[in-house]
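Visitor: I have a chain in front of me and some labels I want justified. Can you walk me through them?
Guide: Gladly. Ask about any label, and we will test it.

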Amino acid sequence: MSAIPASSDPNARAASASPSAVPAGLSVLVSEGWADYALLDSGGGEKLERYGRFTVVRPEPQAMWAKRLDASVWEAADAVFTGAQDDEGPGRWRTTRAVPETWKMRYDAATFHGRLTNFRHLGVFPEQRAHWDWMAERVKASGRSDFKVLNLFGYTGVASLVLAAAGAAVTHVDASKKAIGWARDNQALSGLEDRPIRWICEDAAKFVAREARRGNVYDGVLLDPPKFGRGPKGETWQVFESLPPLLDDLRKIVSDQAGFVVLTAYAIRASALAAHGLMAQTFDGLGGEIESGDLAILQEGGGRLLPTSLFSRWSR
Ligand SMILES: C[S@@+](CC[C@H](N)C(=O)[O-])C[C@H]1O[C@@H](n2cnc3c(N)ncnc32)[C@H](O)[C@@H]1O
């Protein structure tokens with residue numbers, strides 16, 4: 001897999017060249033399960049997963065194929081999410097046995113709470129594992145003790161904890177006071193209280209614009225915006241309108257030694273090509289490479305990938 005140099009505009013090249021000039025940096029990034037997470041099966045518009053010691057069923061429109069496991073295995077799940085089919089609608093969980101409000105899960109140096117939330121999330125996005133590993137490797141490889149990472153839309157902070165444990169000074173930004181509280185709890189649960197993590201409850205776009213005005217810079221950035229969101233003061237986030245200006249400001253806060261910017265986007269009607277084009281424009285002239293494509297989870301037993309989101313990452 002080779003990546004396109006950030007300085008060439010893939011759209012311009014594609015326009016003039018043959019179809020084979022599709023950006024070479026398109027790929028599928030695969031996250032595998034681990035001791036505390038597994039995609040056990042998928043199909044019929046649903047997915048069966050294990051989060052720690054609990055198995056859960058959630059809607060998954062993209063799983064258009066047939067289930068592999070016997071119906072009895074699905075019926076034995078501890079919790080089933082019943083709610084809107086689309087990716088972000090609220091709903092509720094039907095449990096078949098007592099599921100505690102929270103239970104411990106672990107990945108690398110991070111220990112965090114699993115929980116059933118009204119928006120079908122479970123306190124962690126396991127498909128992000130491929131990014132966690134990739135970024136942690138780069139923090140460690142830098143050999144620096146002052147590697148600064150910005151985690152925008154950071155939710156419960158698993159990425160922030162993995163990167164802090166890898167040696168980074170992390171700034172974690174999320175608009176939700178509740179999510180920031182969960183993230184702080186996860187820091188204590190992980191015994192990483194001594195690590196430099198700033199927990200900031202703020203609108204991501206506002207935070208980045210202010211950092212740009214102040215001339216503050218970061219060596220690594222990850223952002224995982226929702227399709228639609230609200231800042232703590234009601235600021236509106238609409239990914240198609242809000243992402244381009246946010247990336248423009250983000251370019252102003254990447255340091256000269258910056259190593260990466262990782263973008264993930266869920267549930268939006270967009271192709272990785274669109275994210276690739278936007279990232280190529282944003283980092284034009286800064287050298288480096290851009291890889292874009294699908295982020296997918298490998299189903300247990302192998303041979304089946306469940307796509308979860310698109311990604312685009314710039315590295316240098
Ligand atoms: C999909 S989740 C991010 C998941 C996270 N990357 C992870 O792997 O755990 C999106 C997050 O964006 C936050 N959010 C929504 N609108 C926001 C805004 N305007 N500014 C900052 N955070 C926002 C939500 O509170 C939510 O925690």
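Visitor: Which residue in strand 12 stands opposite His-172?
Guide: Trp-199 does. Keep in mind that this is a predicted model.

Visitor: What makes strand 11 and strand 12 a pair?
Guide: Pairing needs at least two bridges found by DSSP. Five bridges join strand 11 (residues 169-174) to strand 12 (residues 197-201). Therefore the two count as paired. They run parallel.

Visitor: Which helix joins strand 11 and strand 12 in a β-α-β unit, and what is its hand?
Guide: Helix 5 (residues 177-189). The unit of strand 11, helix 5 and strand 12 is right-handed.

Visitor: Where else does strand pairing show up?
Guide: Strand 2 and strand 17 (residues 289-298) run parallel and share six bridges. The cut-off is at least two bridges, so they pair too. Leu-29 stands opposite Leu-295 in strand 17.

Visitor: How do you know that the side chains of strand 2 alternate?
Guide: Look at the two faces. Ser-27, Leu-29 and Ser-31 point to one face and are buried. Leu-26, Val-28 and Val-30 point to the other and are not buried.

Visitor: Now the ligand. Which residues are closest to the ligand?
Guide: Asp-174, Ala-175, Asp-203, Ala-204 and Asp-224, out of 17 residues that surround the ligand.

Visitor: What makes the approach of Asp-174 to the ligand a polar contact?
Guide: A polar contact needs a pair of N or O atoms within 3.5 Å. A polar side-chain atom of Asp-174 lies 2.6 Å from an oxygen atom of the ligand. That value is within the cut-off, so the pair qualifies. Asp-224 also places a polar side-chain atom 2.6 Å away, but from a nitrogen atom of the ligand. Ala-175 uses a backbone N or O atom, 3.1 Å from a nitrogen atom of the ligand.

Visitor: How much of the ligand does the protein bury?
Guide: Taken alone, the ligand exposes 610 Å². The protein buries 89% of that.

Visitor: Why is Pro-232 called partly exposed?
Guide: Partly exposed covers the range between 20% and 50% relative accessible area. Pro-232 has 39%, so the label fits. Pro-232 sits in the loop between strand 14 (228-230) and strand 15 (236-238). Its contacts beyond four places in sequence are Ala-175, Cys-201, Glu-202 and Asp-203. The C-alpha atoms of Pro-232 and Ala-204 are 9.9 Å apart, with the two positions 28 residues apart along the chain.

Visitor: Why is Glu-49 called buried?
Guide: Buried means under 20% relative accessible area. Glu-49 has 1%, so Glu-49 is buried. Glu-49 is part of strand 4 (residues 46-51).

Visitor: Which side chains make polar contacts with the side chain of Glu-49?
Guide: Tyr-37, at 2.7 Å, and Tyr-51, at 3.4 Å.

Visitor: Why does Thr-55 count as buried?
Guide: Its relative accessibility is 18%, and the cut-off is under 20%, so Thr-55 counts as buried. Thr-55 belongs to strand 5 (residues 54-59). Thr-55 is in contact with Glu-49, and also with others including Leu-40 and Ala-76.

Visitor: What is notable about the phi of Phe-153 and of Tyr-155?
Guide: Most residues other than glycine have a negative phi. Phe-153 has a positive phi, near 60 degrees. Tyr-155 has a positive phi of about 55 degrees. Phe-153 lies in the loop between strand 10 (148-152) and helix 4 (158-165), and Tyr-155 is placed in the loop between strand 10 and helix 4.

Visitor: Are those loop residues buried or exposed?
Guide: Buried. Phe-153 has 16% relative accessibility, and Tyr-155 has a relative accessible area of 16%. The cut-off is under 20%, so both labels hold.

Visitor: What makes helix 8 "mostly covered"?
Guide: Eight of its eleven residues are buried. Among them are His-276, Leu-278 and Met-279.

Visitor: What happens at the start of helix 8?
Guide: A side-chain oxygen of Ser-271 reaches to within 2.7 Å of the backbone nitrogen of Leu-273.

Technical notes
Residues numbered from 1 in each chain as written. Predicted model: local features only at pLDDT ≥ 70, side-chain atom pairs only at ≥ 80, totals over all residues. Heavy atoms only, no water. Helix = DSSP H or I, 4+ residues; strand = E, 2+ residues; numbered from the N terminus. Buried < 20%, exposed > 50% of the residue type's maximum accessible area, 1.4 Å probe, protein only. Polar contact = N/O pair within 3.5 Å; in protein donor to acceptor, adjacent residues only side chain to side chain. Right-handed = clockwise from strand over helix to strand, strands pointing away. Near = heavy atom within 4 Å. Areas by Shrake-Rupley, 256 points an atom, 1.4 Å probe, with all protein chains shown as cover. Contact = heavy atoms within 4.5 Å.
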